Amino acid sequence: MPIFEYRAIDSKGKKIKGFVDADSIRVARAKLRENGYYPVEVREDVQIGSPRDRVSSRGLAGAINRLLGRVRLQDLSIMTRQLAILVDSGMPVAAALDALADQTENRYLKRVIASVRERVAQGNSLQKSLAEHPFVFSDLYVNMVGAGESTGTLGLILKRLADFIEKQVNLRDKIRATLAYPVFMVFVGGGILFFLITFVIPTVTRIFE
């Protein structure tokens, strides 16, 4: 289902902007009016969560998304911890996601959160809504959220997921730091070898000749 970016005015006359999940621009405008917003501008953004996107996200498109780092682990960790705090405070999941969408700086992650929020508002579980975005939320992430929903410990599970993701980030940074010097030496050695083969060896060969 397409995602539409909108600018609107609420009942207090305040300008707001965000994303809404709808079948068409007309339906998107109707949803905004139902929520008490007067739409100023509504335009289609990207189709996140559509069946075609979900299929491709596990193939080439998913690989491209990961390579481009459209949603960094740091962003996912921050989002997960913020969601845990909001859920623990007693805020409904849909409202918590709505608040997160406004606070998230990563534009791509903002769209995904908006799509998940729409699915939850339609009555779907958070687990099912997250599962529609496998290029952002891993199977482990989705299954852990499902366990938290079924046992009533969603806030605790989200905190543990945030801790787990942070450990992944720290481990990755340590590995990168460890490999930085060997990689640097490989490039230096390659440069020296290239210099020897290109300049030194031909010169020595001509001398012996």
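**Cores and pocket in a predicted model**

Q: What makes Val136 a contact partner of Val71, Leu76, Tyr108, Leu109 and Val112?
A: Val136 touches each of these residues, leaving aside residues up to four places away in sequence. Contact means heavy atoms within 4.5 Å, so each pair meets that cut-off. The model is predicted.

Q: Which residues touch the most other members of the largest nonpolar core?
A: Val136 is one of them, along with Leu126, Phe137, Tyr141 and Leu158. This core holds 32 residues. Two or more residues come from each of α4, α5, α6, α7, α8 (139–151) and α9 (154–208).

Q: Why is the set with Ala8, Ala28, Leu32 and Val42 called a second, separate core?
A: A core is joined through side-chain atoms within 4.5 Å, so a separate core is a set not joined to the other in that way. This one has eight residues.

Q: Why are Ala94, Ala96, Leu97, Ala99, Leu100 and Ala101 of α5 (93–103) called buried?
A: Buried means under 20% relative accessible area, so these residues fall under that limit. Their cover includes α4 (73–88), α6 (107–121) and α7 (126–131).

Q: What is known of the space in the largest pocket, and which residues are closest to its centre?
A: The space is about 550 Å³. Tyr6, Lys17, Gly18, Phe19 and Asp98 are the closest of 23 lining residues.

Q: Which element supplies the largest share of that lining, and how does the lining divide by class?
A: α6 does, with six residues. At least two residues each come from β1 (3–9), β2 (15–21), α1 (25–34), α5 and α6. Twelve lining residues are charged, nine nonpolar and two polar.

Key: Residues are numbered from 1 along each chain as its sequence is written. This is a predicted model: local features need pLDDT of at least 70, side-chain atom pairs count only at pLDDT 80 or more; totals for chains, interfaces and linings use all residues. Side-chain values use heavy atoms; hydrogens and water are left out. Buried means under 20% relative accessible area, exposed over 50%, partly exposed in between (1.4 Å probe, protein chains only). Helices (H or I, at least four residues) and strands (E, at least two) are DSSP runs, numbered from the N terminus. On a 1 Å grid over the protein atoms alone, a cavity is a set of points where a 1.4 Å probe fits but cannot get out, and a pocket is an open set with protein on both sides within 12 Å along at least five of seven lines; lining residues have an atom within 4 Å of a point. Grid points are joined across faces, edges and corners, and a volume is the space filled by probe spheres set on the points. Ala, Val, Leu, Ile, Met, Phe, Trp, Tyr, Cys and Pro count as nonpolar, Asp, Glu, Lys and Arg as charged, and the others, Gly among them, as polar.
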